[in-house]
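Hello,

The structure we discussed is below, followed by my notes on what was found in it. Please read them with the model open.

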Amino acid sequence: MIRVIAGRSLESLVVLLLMSLVIYALIGLMPGDPIDLMVQGDPRLTPADAARLKALYGLDRPLLERYGNWLLAALGGEFGYSRLHNQPALAVILPRLGNTCWLMGASFLLSLAIALPIGVWSALRARTGADYAVNLAALAGISLPTFWLALMLITLFAVQLQWLPAGGLQTIGVESVADRARHLVLPVVCLAVTHAGAYTRFMRAAMVEVLRLDFVRAARAKGLSETRVLFAHALPNALAPTVTVVALSFGALFSGALVTETMFAQLGMGKLVYDSIMGNDYNVALVALLLATALTLAANLAADVLYAWLDPRVTFAGRTP
Amino acid sequence: MNAPAPLIEGRGLTRRYPLRSAGLFGARIGVVPAVTDVSISVSPGETLALVGESGSGKSTLGRLLGRLEPADSGRLWYDGAPAPKRDRRLRRDVQYVFQDPDGSLSPRLTAGAIIAEPLAVLGLSDGRARAVRVAELLAAVGLEPAHAGRYPHEFSGGQRQRIAIARALAPAPRVIIADEPVSALDVSVQGQVLNLMADLKARHGHAYLLITHDLAVVDAIADRVAVMYFGRLVEMGPRDALFTRPAHPYTRALLDAVPRIGAGKRQPRRQARSEPPSPLAPPAGCAYHPRCPFADAICRREVPALTPMASGTPGHVRACHHAGRWPEGLGSGSLAGAAP
Amino acid sequence: MSGRLAAAFGGHRLALVSAALLVSITLAVAAAPLLAAILGVDPDEVNLLARFQGPSLAHPLGTDELGRDVALRLLYGGRVSLAVGLAAAVLAAAFGTAVGLVAGYRGGLVDAALMRLTDGVIALPLLPLLIVLAAIDPAKLPGLGWLVAGEDASLYRIVAIVVLVGWTTIARLVRGAALSLRGRDYVLAAESYGASALRIMVVHILPGVTTPIIVATTLAVGNVILFESVLSFLGLGIQPPTPSWGNMLTNAQELIYDAPALVIWPGAAIFLTVIACNFLGDGLQDALDPRARRD
Ligand SMILES: Nc1ncnc2c1ncn2[C@@H]1O[C@H](COP(=O)(O)OP(=O)(O)OP(=O)(O)O)[C@@H](O)[C@H]1O
Ligand SMILES: [Mg+2]
């Protein structure tokens, strides 16, 4: 088991390394490099100056060489400087990571709190009107464009009813937990609604599958109470696959967080990725993207491990069936 | 009787399957020696029956000869010369009929398309000529030309096997390998399909390698018989010689197990004494020795070679250290009474 | 009893309604130029004297911040969103099918390599990656300069980007099916008379996987429309003045205060189309997959 986890981790590291090269290369393909931007900003610089500057920063070297240098520096903890923030890239990113954790964590818990009970409830009524209603609602949640839901929430609760702030982390000058929580309500709800649908469907499908199995029928036949059959036998077995797909959907949650943070002006990782790409802040974009990738890979790894741990039958062969 | 020059021939064919534990990267936990060092040939126009109990490697040998899978070692010969790896002649001249027509016909192709595919792939005819040929073939196997537009699931099991036979017949092959071609069919249609196969042979003159459990069928249509046990040939020879004078204890046990063939002449002591050995732990020496009433030290030590019998019919060979030395009279069950 | 029966038909009825809705939407957006010609209105024509008008006979849904007819722009935007959704989903399905067929039929190292790649792409945070891909300058890519040229450049680009990351689901699906079909006797039979790998994959294996491909593609259309809309909303997808449902909302955050109706329509159009795709895919799955139907 330990060996297998170690092997999987190594595999994830290799993927991360490959992705760092891909992302590095892609970022290099974005319009305008730092020197071009400097030249644009300062009419006194001649093309010869630009070439000299490029040579100075090593920008005229081949891609792989530049990447190698970047990687060496990164492994030494040196991630470059933010153009927009005039700070080391890491110093920009780390506080944002905290904010994102709050948003993603809270909406993750909220969507699970909605999805798991409803999924189970719906599975117990499979193929009835109630089940179809749940499915309809779940598909509706999946089909909502996150940014539009955010706009609707802002229109209703911030503009019309004025119950909640339209965006931002906190009211300027106010330092209270309650204030920060108030600012989190709409983004958390927005992100949770768009993900609860998928989780409900996962939970329902897993539960329907398990309820069909023989051991559940046997438990019923033995005369165990329905509650016991449900909570002691069926649910634990249905949770294993659900937890796995939920963990695998971390990347989707992060994508949702990017939109949500942008819409509600939450200074988190997602908004940082977007802002740095749009603002040509390459060093920050690179590190933030890599961090997001690393987190997603870690979540996938966790999904594998969790699945093996929750389901003792799994011998941990390849993930691809 | 002189043995005619062989058409296809396998020399020293060996096939082992690695056995893995569950999962994509499952550990290799053993090797199944499905076919070991088998040399066998099919001559033009003959029907060679391949018999042996379940798991003895008959199908595997059939697949090796039909090039459905590659051999680990050994080689195929065709028309007296080693066959190249991708030999168009072999693809055309050796065709295969599978046991279960449900699995051997593409479910989303029409009967016509199924029968026409080998013609298309082998470039044997085109356009109208191909349509005519398909109609001919359907008629030859007792179906209507109008059936060409139907899908496999619209036919009965027996009709589906007829389509499979028509497909095998399409390139006008010289050998058809048929792996238990009727055992998946209703008993009531088994006879019809076997008769059809015999008729077709009479008309087209191709050879059959017929893999079967059914010794009554062997008795009815085979010219020669090859007996396999645990991946090896243990006896092979002309049908009458092999049935009347079986020269390997396993062949005798097989014949004993069939009531119609030599009923009442056998004593219980020559029935197989135990379960077949595990395919993962092959017995040393002669694989049959744990079940053989005549086994002794040499049988446990050395694998017997296939050798002709001093006083036997030409072409009758067996792999037994003790052939000819067992108590006379015990094994010579006559088939004469049982043959139709 | 009749309640159960109604419920059993519930899923499929919704799928039917969705199919009807999608057909109507498609017809409506297809008729957009015709409507524009009849009404004599240009969807891109700016009229600063007629900004933020309410619904009227001339402008059934009013006008936007530049005085353009909202209803007509909605229809034109739908043309783009639907075309992108359909084109990207179908191309991604084709690419994924090809990858899945090769991986599943070839097996071995090819399979292992392709599936590691697929797992890798699946493991990525999609939207950030799409944003990077949308932001790169194709002029810096050798041989892709043509992508920057022309009016429809942003359209082709977004299709290309979505295909680049959107093929994985179908690849895994098809690969699984191909893996289980390649040992079938009918495949062995075709191999024995020398059918080429391409022929076997296309003639013998592909027909066995069409059902899951159709279902997954239907679901993918909805997904692509969502991604297109968010990218266009963020200014990285379809570029104005070409309208798309996503970029019609680009200024929405300021418009919330002045004209909330302008924010509702494009979003509602996206939502309706996507949910219809999802219902249809769900219903198709139910109807075509016998396993889901039993019990
Ligand atoms: N594809 C395969 N992978 C692994 N093992 C195999 C495979 N095919 C056959 N075997 C093994 O090889 C041995 C010989 O099998 P084969 O199918 O050739 O026997 P058979 O004589 O045709 O049996 P039957 O009469 O039951 O059809 C068996 O032990 C079988 O389990
Ligand atoms: Mg067999």
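**The ligand and its surroundings**

The shell around ligand 1 is made up of 7 polar, 4 charged and 3 nonpolar residues. Bear in mind throughout that this is a predicted model.

In total, 14 residues surround the ligand, and the closest of them are B:Ser54, B:Gly55, B:Lys58, B:Ser59 and B:Thr60. Three polar approaches can be listed by distance:

- B:Gly55 uses its backbone: a polar backbone atom is 2.8 Å from an oxygen atom of ligand 1.
- B:His213 uses its side chain, with a polar atom 3.4 Å from an oxygen atom of ligand 1.
- B:Glu180 also has a polar side-chain atom facing a ligand oxygen atom, here at 3.5 Å.

On its own, ligand 1 has 620 Å² of accessible area, and the protein covers 67% of that. Two elements of chain B, β2 (28-42) and α1 (58-65), give two or more residues each to the shell. Of the elements, α1(B) gives the most, with 4 residues.

**Where chain C meets chain B**

How many residues of chain C are in contact with chain B? There are 16, and they touch 19 residues of chain B. About 1,700 Å² is buried between chain C and chain B, with carbon and sulfur atoms giving 57% of that area. Three residues stand out on the chain C side: C:Tyr186, C:Ser192 and C:Tyr193 supply 41% of the area that chain C buries against chain B, more than any other three residues.

The interface of chain C and chain B has 1 salt bridge. It joins the side chains of B:Glu117 and C:Arg199, with N and O 2.7 Å apart. In addition, 7 residue pairs are in polar contact across this interface, counting pairs with both residues at pLDDT 80 or more.

On chain C, the elements that give two or more residues to the side touching chain B are α8 (185-192) and α9 (197-205). The most comes from α8(C), with 6 residues. By residue type, this side of chain C divides into 8 nonpolar, 5 polar and 3 charged residues.

**Where chain C meets chain A**

Against chain A, 55 residues of chain C are in contact with 54 residues of the partner. The two chains bury about 4,700 Å² between them, and 68% of this lies on carbon and sulfur atoms.

Across the interface of chain C and chain A there are 2 salt bridges. A salt bridge is formed by C:Arg116 with A:Glu11, where the closest N and O atoms are 2.3 Å apart. The count of residue pairs in polar contact between chain C and chain A is 7, again with both residues at pLDDT 80 or more.

Which elements of chain C supply at least two residues each to the side that touches chain A? They are α1 (2-30), α4 (108-122), α5 (126-135), α7 (168-181), α10 (210-233), α11 (252-258), α12 (260-288) and α13 (290-293). The largest share, 13 residues, comes from α12(C). The residues on this side of chain C divide into 37 nonpolar, 11 charged and 7 polar.

Regards

Key: Residues are numbered from 1 along each chain as its sequence is written. Chains are lettered from A and ligands numbered from 1 in the order in which they are written. This is a predicted model: local features need pLDDT of at least 70, side-chain atom pairs count only at pLDDT 80 or more; totals for chains, interfaces and linings use all residues. Side-chain values use heavy atoms; hydrogens and water are left out. A residue is near a molecule or strand if one of its heavy atoms lies within 4 Å of it. A polar contact is a pair of N or O atoms within 3.5 Å; within protein, one must be able to donate a hydrogen and the other to accept it, and residues adjacent in sequence count only if both atoms are side-chain atoms. Accessible areas come from the Shrake-Rupley method with a 1.4 Å probe; for residues, only the protein chains shown count as cover. Ala, Val, Leu, Ile, Met, Phe, Trp, Tyr, Cys and Pro count as nonpolar, Asp, Glu, Lys and Arg as charged, and the others, Gly among them, as polar. Contact means heavy atoms within 4.5 Å. Buried area is the accessible area (1.4 Å probe) that two parts lose on being put together, summed over both. A salt bridge is a side-chain nitrogen of Lys or Arg within 4 Å of a carboxyl oxygen of Asp or Glu.
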